[in-house]
Amino acid sequence: MGFLQGKRALITGIASDRSIASGIAEAMHRQGAELAFTYLNDKLRPRVEKAAAALGSDIVLPLDVSSDEQINACFEQLGQRWDGFDILVHAIAYAPREAIEGEFLDGLTRENWNTAHEISAFSLAAMAKAARPLMKDRNGSILTLSYLGAERALQNYNVMGVAKASLEATVRYLALNLGPEGTRVNAISAGPIKTLSAAGIANFRKMLGHFEQYAPLRRSVTIEDVGNTAAFLCSDLAAGITGEVTYVDSGYNILGMTGIGDED
Ligand code: NAD
């Protein structure tokens with residue numbers, strides 16, 4: 001019997017079978033969770049429906065987190081299918097392309113800043129608020145995805161790094177707020193993985209090469225690696241963990257300077 005048997009999970013953020021959310025959905029399915037899904041727009045709907053069907057689910061709901069109406073409608077509709085649920089996976093981020101290439105200040109506008117923060121960080125808090133009545137007193141768990149750029153200055157990541165810092169702080173405030181009613185809130189900080197979003201970051205391939213050369217495990221991480229850790233963090237096996245950022249990054253975050261021992 002899987003360690004998520006009897007748990008119900010809402011998975012956001014599937015855009016392709018390479019999406020981190022796809023790896024999380026598969027891992028949670030393997031551990032026995034019942035799944036529901038959201039899709040961003042009509043273009044992505046058939047893909048998400050196909051992924052859902054393959055994992056035994058027919059609950060597929062529209063959700064664009066830039067709209068309060070859609071966030072509220074999503075949980076209203078979910079409430080019609082499930083009288084409560086246990087796991088909310090937030091795998092959503094967006095910043096305009098010009099804000100995640102070149103120099104931080106070059107791509108900086110009020111609009112780019114607000115968009116990155118609204119879609120990538122505010123959305124976690126807004127979804128937690130809308131989901132609260134359905135998740136209350138169930139030993140439930142909310143999980144989001146972050147990146148090292150939240151705490152280190154990384155070239156090209158720019159305003160998305162600032163938004164991820166906001167996201168990680170949001171995880172801690174939500175954990176404090178929702179802990180008394182039994183809901184845990186955590187983040188996974190994943191190493192670079194080639195997904196549609198990652199392709200939008202300038203020089204992503206170069207970054208991946210550097211990572212594989214220097215990370216202690218000398219390999220990139222996979223959506224299966226992230227999925228398995230997500231399944232654990234959202235299960236009762238992790239009942240004592242909340243407000244944390246867990247690294248699934250082949251150990252890259254522990255490094256100081258890289259390349260010092262390289263031959264010239
Ligand atoms: P992805 O492109 O597969 O997924 C991003 C998802 O965000 C898509 O499904 C997209 O539909 C959704 N999204 C964007 N705007 C939205 C909106 N307004 N409303 C609802 N959904 C919206 O890429 P991914 O890499 O799987 O990204 C998932 C999460 O993982 C993101 O938070 C990303 O920052 C994070 N992350 C990715 C990496 C990486 O290297 N790929 C590393 C660390 C963290």
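The paragraphs below walk through the ligand site and a handful of residues in this predicted model.

A good place to begin is the ligand. The shell around it holds 28 residues, and the closest of them are S19, I20, I193, T195 and S197. Several polar atoms of the protein can be picked out around the ligand. S19 places a polar side-chain atom 2.5 Å from an oxygen atom of the ligand. V65 takes part through its backbone instead, with an N or O atom 2.9 Å from a nitrogen atom of the ligand. The backbone of I92 likewise has an N or O atom 3.5 Å from an oxygen atom of the ligand. On its own, the ligand would expose 820 Å², and the protein buries 92% of that area. The space that the ligand takes up is the largest pocket. Two elements give two or more residues each to the shell around the ligand, namely strand 5 (141–146) and helix 6 (196–199). Helix 6 is the one that gives the most, with 3 residues.

I193, one of the residues closest to the ligand, deserves a further look. This residue is found in the loop that runs between strand 6 (184–190) and helix 6. Is I193 buried or exposed? With a relative accessibility of 11%, I193 counts as buried, because the cut-off for that label is anything under 20%. Setting aside residues up to four places away in sequence, I193 touches I20, A198, F204, V221, T222, I223 and V226. The C-alpha atom of I193 is 7.7 Å from that of L208, a residue 15 positions apart from it along the chain.

V226, one of the residues touched by I193, can be followed next. It belongs to helix 8, which covers residues 223–233. The relative accessible area of V226 is 0%, so this residue is buried. Beyond its neighbours within four places in sequence, V226 is in contact with I20, L145, I188, A190, I193 and V248. I20 is therefore a residue worth finding in the viewer, because buried I193 touches I20 and buried V226 is in contact with I20 as well. Between the C-alpha atoms of V226 and S19 there are 11 Å, while 207 residues set the two apart along the chain.

Attention now moves to K7, in the segment before strand 1 (8–11). Its relative accessibility is 8%, and K7 therefore counts as buried. Which side chain makes a polar contact with the side chain of K7? The partner is the side chain of D236, at 2.9 Å. D236 also appears among the residues in contact with K7 when neighbours within four places in sequence are left aside; the others are A33, E34, D86, I87, R138, N139 and C234.

Two more residues share a loop. L55 sits between helix 2 (45–54) and strand 3 (60–62), and S57 is found in the loop between helix 2 and strand 3 too. L55 has a relative accessible area of 14%, so it is buried. S57 is also classed as buried because its relative accessibility is 9%. Apart from neighbours within four places in sequence, L55 is in contact with A25, E26, H29, L35 and F37. For S57, the residues touched beyond four places in sequence are L35, A36, F37 and A52. L35 and F37 thus appear in the list for L55 and again in the list for S57. H29, one of the contacts of L55, is 26 residues apart from L55 along the chain, and 6.6 Å separate their C-alpha atoms.

Finally, two residues draw the eye through their backbone angles. D137 has a phi near 55°, which is a positive value in a residue other than glycine. N158 likewise is not a glycine, and its phi is positive at about 45°. Where do these two residues lie? D137 is placed in the loop between helix 4 (110–135) and strand 5, whereas N158 is in helix 5, made up of residues 158–178. Their surroundings also contrast. D137 counts as exposed because its relative accessibility is 55%, while N158, with a relative accessible area of 11%, is buried.

Notes
Residues numbered from 1 in each chain as written. Predicted model: local features only at pLDDT ≥ 70, side-chain atom pairs only at ≥ 80, totals over all residues. Heavy atoms only, no water. Helix = DSSP H or I, 4+ residues; strand = E, 2+ residues; numbered from the N terminus. Buried < 20%, exposed > 50% of the residue type's maximum accessible area, 1.4 Å probe, protein only. Polar contact = N/O pair within 3.5 Å; in protein donor to acceptor, adjacent residues only side chain to side chain. Contact = heavy atoms within 4.5 Å. Near = heavy atom within 4 Å. Areas by Shrake-Rupley, 256 points an atom, 1.4 Å probe, with all protein chains shown as cover. 1 Å grid on protein atoms, 1.4 Å probe; cavity = no way out; pocket = protein on both sides within 12 Å on 5 of 7 lines; lining within 4 Å. Sits in = over half its atoms within 2 Å of the grid points.
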